[in-house]
Amino acid sequence: MTYLAKPRLHHPTLAKNRVGYTRRDYEGKISTLCAGCGHDSISAAIIQACWELDIEPHRVAKLSGIGCSSKTPDYFLGNSHGFNTVHGRMPSVLTGANLANRELIYLGVSGDGDSASIGLGQFAHVMRRHVNMTYIVENNGVYGLTKGQFSATADKGSRAKRGQVNVDLPIDLASLALVMGATFVGRSFSGDKAQLVPLIRAAIAHPSTAVIDVVSPCIAFNNHSGSTKSYDYVREHNEAVNRLDFWPHRDEITADYDEGEVIDVRQHDGSLVRLRKLHADYDPTDRVRAMSYIQEHAARGEVVTGLLYVDTEARDLHQQIETVDEPLNTLGAAELCPGAAVLAKINASLR
């Protein structure tokens, strides 16, 4: 009964966050995805993260491309801004929106086909430009809308539901994001809410491009014994490098751990990512080590998850090109057309 709307009335005892919203206020329409799809778990994690961060829904702009993953923004943050772009073009549309209005919180949702195939070039360039956004890839290794062909992230040697073997090398989007300059890179599993929710919270608070590659099994076409992106495979081969908690800068930090080494990574706005290291030799601030670590464990058939890299001195696109503090879409003719004298001065500086 997916055509039925969710009830508008909420129970009066539902808990509210600092800005007066219940968790239900961050939901969207009823999902039309297959029952058990990992994408719905990611939507639930986004809802939980935004509620915990006390974000006002109307301050969020969510953008997507084409595919099962790109349908999901309809299922969360129903009272936010939304735009569904053409296939693979979400990053450029989001970049334009971000340049026009820097005051919104930008959330890009994509899939392995949308980002690793037709949109690979756009994925790479939005990383190097450092657009302030959270880029979530819902990665299932197949084209779910066109009946289960291998996508560009499918591992070599993995089998399709009907027995075909993939002979091509995969594109690792987390590794590519690191190479192209992303300042926050994480990987998670749709079935691990305890890891995914704080990772999304930290990504949203990060002041530059934050990428989370989420392995999200396709229940219809890629959840069988031959798949390396099935629920069973990821659970058995998940190699978590850390467990994290996130505190916005306004909150007092009171956490204490009895086991394992704890690392505090403070971002420039004062927010804190607290990592409990599961691997003593892993440093999430070392970009080169993160790249080699991912590849080393991939060669063993392991899926490395957690906060893989963070740059605590990250700058975004607006800082790099030195735009004014006011959103560009609020500037009038006086600011945009300052006169011939100013134009002459600019031209002279370029000679």
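Student: Let's start with His-130: buried or exposed?
Tutor: Bear in mind that this is a predicted model. The cut-off for buried is under 20% relative accessible area. His-130 has a relative accessible area of 15%, so it counts as buried.

Student: Where does His-130 lie?
Tutor: Beyond four places in sequence, His-130 is in contact with Gly-181, Thr-183, Ser-208, Thr-209, Arg-315, Asp-316, Leu-317 and Gln-320. As for its own place in the chain, helix H5 (120-129) is on one side and E4 on the other. His-130 is in the loop between H5 and E4.

Student: And His-206, which residues is it in contact with, leaving aside neighbours within four places in sequence?
Tutor: His-206 sits in the loop between helix H7 (193-205) and E8. With a relative accessibility of 1%, under the 20% cut-off, it counts as buried. Its contacts outside that sequence window are Asn-132, Thr-183, Phe-184, Gln-267, Val-310, Asp-311 and Ala-314.

Student: On to the sheet: in what order do the eight strands come?
Tutor: The eight strands make an open sheet, and their pairing is mixed. Reading across it, the order is E2-E1-E3-E4-E8-E7-E13-E9.

Student: Which strands stand at the edges?
Tutor: An edge strand here has a single partner strand, so one of its sides has no neighbour in the sheet. That applies to two strands, one at residues 81-84 and the other at 238-240. They are E2 and E9.

Student: By how much are neighbouring strands of this sheet turned against each other on average?
Tutor: Direction is ignored for this angle, and the value is an average over neighbouring strands of the sheet. It comes to 20 degrees.

Student: Which strands does helix H1 touch?
Tutor: H1 covers residues 38-52 and packs on the sheet. Its direction makes about 155 degrees with that of E4, which spans 133-139. The strands H1 touches are E3, E4 and E8.

Student: At what angle does helix H3 run to E3?
Tutor: H3 takes in residues 90-100 and lies across E1, E2, E3 and E4. Relative to E3, its angle is about 175 degrees.

Student: How many bridges pair E1 and E3?
Tutor: E1 covers residues 60-64 and E3 covers residues 105-111. Leu-63 stands opposite Gly-108 in E3. The two strands pair in the parallel sense, and the bridges number five.

Student: How many residues of strand E13 are buried?
Tutor: E13 spans residues 303-310 and is largely enclosed by the rest of the structure. E7 (residues 184-189) joins E13 antiparallel through four bridges, and the partner of Val-185 there is Tyr-309. E9 runs parallel to E13, with three bridges between them, and Glu-239 stands opposite Val-304. The buried count for E13 is eight of the eight.

Student: Back to H3: how far apart are the C-alpha atoms of Asn-98 and Leu-317?
Tutor: Asn-98 is in helix H3 and is buried at 2% relative accessibility. Not counting residues up to four places away in sequence, it touches Tyr-106, Val-131, Asn-132 and His-318. Asn-98 and Leu-317 are 219 residues apart along the chain, and their C-alpha separation is 9.0 Å.

Student: What about Asn-101 and Gln-267, how far apart in space are they?
Tutor: Asn-101 is in the loop between H3 and E3, and its 17% relative accessibility counts as buried. Its contacts beyond four places in sequence are Tyr-106, Pro-327 and Asn-329. From Asn-101 to Gln-267 is 166 residues in sequence, and the C-alpha to C-alpha distance is 23 Å.

Student: How many disulfides does the count come to?
Tutor: A disulfide needs two cysteine sulfurs within 2.5 Å, and the count under this rule is zero. Cys-34 is in none, and its nearest cysteine sulfur, that of Cys-218, is 6.5 Å away. Cys-37 is in none either, with the sulfur of Cys-218 again the nearest, at 6.5 Å. Final count of disulfides: zero.

Student: Finally, what volume does the largest cavity have?
Tutor: Searching the whole structure turns up two cavities of 30 Å³ or more. Residues lining the largest cavity include Phe-150, Asp-155, Arg-159, Asn-222 and Lys-229. Its volume is about 50 Å³.

Definitions and conventions: Residues are numbered from 1 along each chain as its sequence is written. This is a predicted model: local features need pLDDT of at least 70, side-chain atom pairs count only at pLDDT 80 or more; totals for chains, interfaces and linings use all residues. Side-chain values use heavy atoms; hydrogens and water are left out. Two strands pair if DSSP finds at least two bridges between them. Axes are lines fitted to C-alpha atoms, for helices over the stretch in contact, and angles run from 0 to 180 degrees between N-to-C directions. Contact means heavy atoms within 4.5 Å. Buried means under 20% relative accessible area, exposed over 50%, partly exposed in between (1.4 Å probe, protein chains only). On a 1 Å grid over the protein atoms alone, a cavity is a set of points where a 1.4 Å probe fits but cannot get out, and a pocket is an open set with protein on both sides within 12 Å along at least five of seven lines; lining residues have an atom within 4 Å of a point. Grid points are joined across faces, edges and corners, and a volume is the space filled by probe spheres set on the points.
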